[in-house]
Amino acid sequence: MQKCVRTLDIEEVGRTTRHGSFFQMNGNFSFGDYFKQEAITFAWELSTAPVADGGYGLDPAQIWVTVHHSDDEARSLWRRIADLPDERIVARGDEDNFWSMGVPGPCSPCSELCYDRGPELGRTGGPAVDEDRYMEF
């Protein structure tokens with residue numbers, strides 16, 4: 001995990017329930033030891049493993065993922081590794097699922113995991129419909 005402080009989107013802090021000024025990011029870039037398949041496996045295991053086993057203990061039935069609209073490989077891997085149904089794998093564009101620092105350097109399509117916090121917190125339909133109900137984690 002890396003500790004992060006918001007800079008490019010600092011104006012969003014306090015406007016939503018999902019934008020804090022300090023957070024920890026579990027994201028990473030591969031430099032040859034592993035790539036998408038392993039990263040997706042690691043993310044799913046960390047998210048769904050019981051707390052007693054070092055995981056977050058999240059209910060797999062409440063997890064949605066987003067993938068870059070051009071990344072059919074990631075969609076296929078999420079289906080196979082996490083056994084997610086197609087309707088819980090949401091394709092999004094560059095603004096949501098292409099990671100970059102805003103300057104030349106590392107960048108790529110990405111996946112994000114979102115947790116459905118329940119109908120009392122927003123509209124049905126996944127993270128493309130309501131990012132407060134389906135909160136990225």
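In this predicted model, Thr 66 stands opposite Val 90 in β4. On the β7 side, Thr 66 has Glu 112 as its bridge partner. Thr 66 thus makes a handy way into the sheet around β3. β3 and β4 run parallel and are joined by four bridges, whereas the pairing of β3 with strand β7 (residues 112-116) is antiparallel, again over four bridges. Further along that second pairing, Trp 64 is matched with Cys 114 of β7. The strands β3 and β4 also belong, together with α2, to a right-handed β-α-β unit.

β3 itself is well covered, with six of its six residues buried. That holds for both faces: Ile 63, Val 65 and Val 67 are buried on one side, and Trp 64, Thr 66 and His 68 are buried on the other. What about β7, and how many of its five residues are buried? The count is four, so β7 is largely enclosed by the rest of the structure. One residue of the strand, Cys 114, comes out at 3% relative accessibility, and because the cut-off for buried is under 20%, Cys 114 counts as buried. β7 goes on to pair with strand β8 (residues 134-136), antiparallel and through three bridges. There, Tyr 115 has Met 135 in β8 as its bridge partner.

Stepping back to the whole chain, the secondary structure amounts to three helices and eight strands. Read from the N terminus, the order is β-β-α-β-α-β-α-β-β-β-β. Of the 137 residues in the protein chain, 26% are buried. Among contacts with a separation of 6 or more, 47% are between residues 24 or more positions apart.

Now for the nonpolar side chains. In soluble globular proteins, nonpolar side chains tend to be buried together. Here the largest nonpolar core has 12 residues, including Ile 63, Val 65 and Val 67, along with Trp 44, Trp 78 and Leu 113. Two or more residues each come from α1, β3 (63-68) and α2 (72-82). The largest share is that of α2, which supplies four residues. Core member Trp 44 touches Pro 60, Ile 63, Trp 78, Ile 81, Ala 82 and Leu 84, once residues up to four places away in sequence are set aside.

Helix α1 (residues 36-48) also holds Ser 47. Is this serine buried or exposed? Ser 47 is buried, because its relative accessible area is just 3% and the threshold is under 20%. The side chain of Ser 47 reaches the backbone oxygen of Ala 43 at 2.8 Å. Beyond its neighbours within four places in sequence, Ser 47 is in contact with Tyr 56, Gly 57, Leu 58, Ile 63, Leu 113 and Phe 137. Two of those partners, Ile 63 and Leu 113, are listed in the nonpolar core.

Another buried polar residue turns up in helix α3 (residues 94-97), namely Asn 97. With 0% relative accessibility, Asn 97 counts as buried. A polar atom of the Asn 97 side chain lies 2.9 Å from the backbone oxygen of Cys 110. Neighbours within four places in sequence aside, the contacts of Asn 97 take in Thr 66, Val 67 and His 68, as well as Arg 92, and then Ser 108, Pro 109, Cys 110, Ser 111 and Glu 112. Thr 66 and Glu 112, both on that list, are the bridge partners met at the start. Asn 97 and His 69 are 28 residues apart in sequence, yet their C-alpha atoms are 8.0 Å apart in space.

As for the cysteines, how many disulfides does the structure hold? The number is zero. Cys 110 is buried at a relative accessible area of 18%, while Cys 114 is buried at 3%.

One backbone angle deserves a note as well. Asp 83 has a phi near 55°, a positive value in a residue other than glycine. This aspartate is placed in the loop between α2 and β4 (89-92). Asp 83 counts as exposed, because its relative accessibility is 65% and the exposed class begins over 50%.

Note on methods
Residues are numbered from 1 along each chain as its sequence is written. This is a predicted model: local features need pLDDT of at least 70, side-chain atom pairs count only at pLDDT 80 or more; totals for chains, interfaces and linings use all residues. Side-chain values use heavy atoms; hydrogens and water are left out. Buried means under 20% relative accessible area, exposed over 50%, partly exposed in between (1.4 Å probe, protein chains only). A polar contact is a pair of N or O atoms within 3.5 Å; within protein, one must be able to donate a hydrogen and the other to accept it, and residues adjacent in sequence count only if both atoms are side-chain atoms. Contact means heavy atoms within 4.5 Å. A nonpolar core is a set of buried Ala, Val, Leu, Ile, Met, Phe, Trp, Tyr and Cys residues joined through side-chain atoms within 4.5 Å. A disulfide is a pair of cysteine sulfur atoms within 2.5 Å. Two strands pair if DSSP finds at least two bridges between them. A crossover is right-handed if, with the strands pointing away from the viewer, the path from the first strand over the helix to the second runs clockwise.
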